[in-house]
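I wanted to go through this fold element by element and note how its strands and helices are put together. These are my notes from that reading.

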Amino acid sequence: MSLPPVLQHLALPVIGSPLFIISNPKLVIEQCKAGIVGSMPALNARPASQLDEWLHEITETLAAWTRNHPDRPAAPFAINQIVHKSNDRLDHDMEMVVKHKVPIIITSLGARVDVNEAVHSYGGIVLHDIINNSFARKAVEKGADGLIAVAAGAGGHAGIKSPFALIQEIRQWFDGPLVLSGAIANGGAVLAAQAMGADLAYVGSAFIATHEARASEAYKQAIVDCSSDDIVYSSLFTGVHGNYLKPSIRAAGLDPDNLPDSDPSKMSFGGGEGSKPKAWKEIWGSGQGIGAVTSVVSTAELVARLTREYQAARERVLRTPVPA
């Protein structure tokens, strides 16, 4: 099955993943102008009324860019919706994405038929986050158009499956759009994702260290300074296991190597409970691929680097003789 038209003409087969708190219109617009899908969580717009303003800004700015640069049209953008029952804004936020006809919706933490149907009503597509093959099947059964396989090493709420295992199991039965997430921060990894069977790569943590990202300078510098050794996988902060930077955990007065588990029934996305440090404001999410990030740069510079590395990796592969 070929990719849907909205995903067929990207400058690089990459979706910039939605970063809670960090992604904003400025980052999304620059990602799209650079030729990759830009995205942000609907919940980043606070108060809720701001989402309407942000969607208008993104839509109008990208349309103007495409009119003025017909040889380099803007890529489509995506909005992430948390469909878990804890999100009491979902109905409002879905009204806004339908109003603005957002081309791509990324759904997380549950799959809902009504959400998928709302997006399909205006011609949009839905990509659903999954961490295993069982969840993947359920998402497609409920009407998702494509899947985002969140493998081990991804930033934020990540799974524990090897990308090799996860992709090969999904591809045994699903031939639709498939995106791979998990420690992808250079162009060679983007090509590797395609070699495994994914159509696109999901890149998130590297975009934290960009000028446009709405992250503190200390957070951006931590992405530059840290490596995979500085990542801890814990459920303490939201009730769902995720990957976080150890320095931010230590700064909160906790031992990153001895964290208790949290009660998943008390899942939270707006912050912690009581005196618990707040994810993602105080406790910084990050994937394991940040060793590839060596400086804070513009979004355009980051996409240009990924593109150069991707092209160099393709050339290396083409030069490599195939065993007889």
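I began with a single bridge and looked up the partner of Thr107, which is His128 in strand E5. I keep in mind throughout that this is a predicted model.

From that bridge I widened the view to the two strands, and I found that E4, residues 104-108, and E5, residues 125-130, pair in the parallel sense over four bridges. I then traced the sheet, in which eight strands are arranged in the order E1-E8-E7-E6-E5-E4-E3-E2, and I noted that the sheet is open and the pairing parallel. Its edge strands are E1 (14-16) and E2 (38-41), each of which pairs on one side only. I also recorded the twist, which averages 25 degrees from one strand to the next.

Next I turned to the helices that lie across the sheet. Helix H3 lies across E3 (77-82) and E4, and its direction is at about 165 degrees to that of E3. Helix H5, residues 133-141, lies across E5 and E6 (146-150), running at about 160 degrees to E5.

How do the axes of H1 and H2 cross? I found that the axes of H1 (residues 25-33) and H2 come within 10 Å and cross at roughly 25 degrees. Because angles under 35 degrees count as roughly parallel, H1 is roughly parallel to H2. The crossing in which H1 passes H2 is right-handed. On the H1 side I listed Pro25, Val28, Ile29, Cys32 and Lys33 as making the contact, and on the H2 side Trp54, Glu57, Ile58, Thr61, Leu62 and Trp65. Sorted by class, the contact of H1 with H2 has eight nonpolar, one polar and two charged residues.

I then followed H2 to its packing with H3. Helix H2 (residues 50-68) and helix H3 (residues 90-100) pack at an angle of about 25 degrees, and their axes are 10 Å apart. These two helices are therefore roughly parallel to each other, and H2 passes H3 in a right-handed crossing. From H2 the contact draws on Leu51, Asp52, Leu55 and His56, while H3 supplies Asp93, Met96, Val97, Lys99 and His100. I divided the residues of this contact by class as well, and the result was four nonpolar, two polar and three charged.

Notes:
Residues are numbered from 1 along each chain as its sequence is written. This is a predicted model: local features need pLDDT of at least 70, side-chain atom pairs count only at pLDDT 80 or more; totals for chains, interfaces and linings use all residues. Side-chain values use heavy atoms; hydrogens and water are left out. Axes are lines fitted to C-alpha atoms, for helices over the stretch in contact, and angles run from 0 to 180 degrees between N-to-C directions. Angles under 35 degrees count as roughly parallel, over 145 as roughly antiparallel, 65 to 115 as roughly perpendicular and the rest as oblique. A crossing is left-handed if the near helix is turned anticlockwise from the far one by less than a right angle, and right-handed if clockwise. Contact means heavy atoms within 4.5 Å. Ala, Val, Leu, Ile, Met, Phe, Trp, Tyr, Cys and Pro count as nonpolar, Asp, Glu, Lys and Arg as charged, and the others, Gly among them, as polar. Two strands pair if DSSP finds at least two bridges between them.
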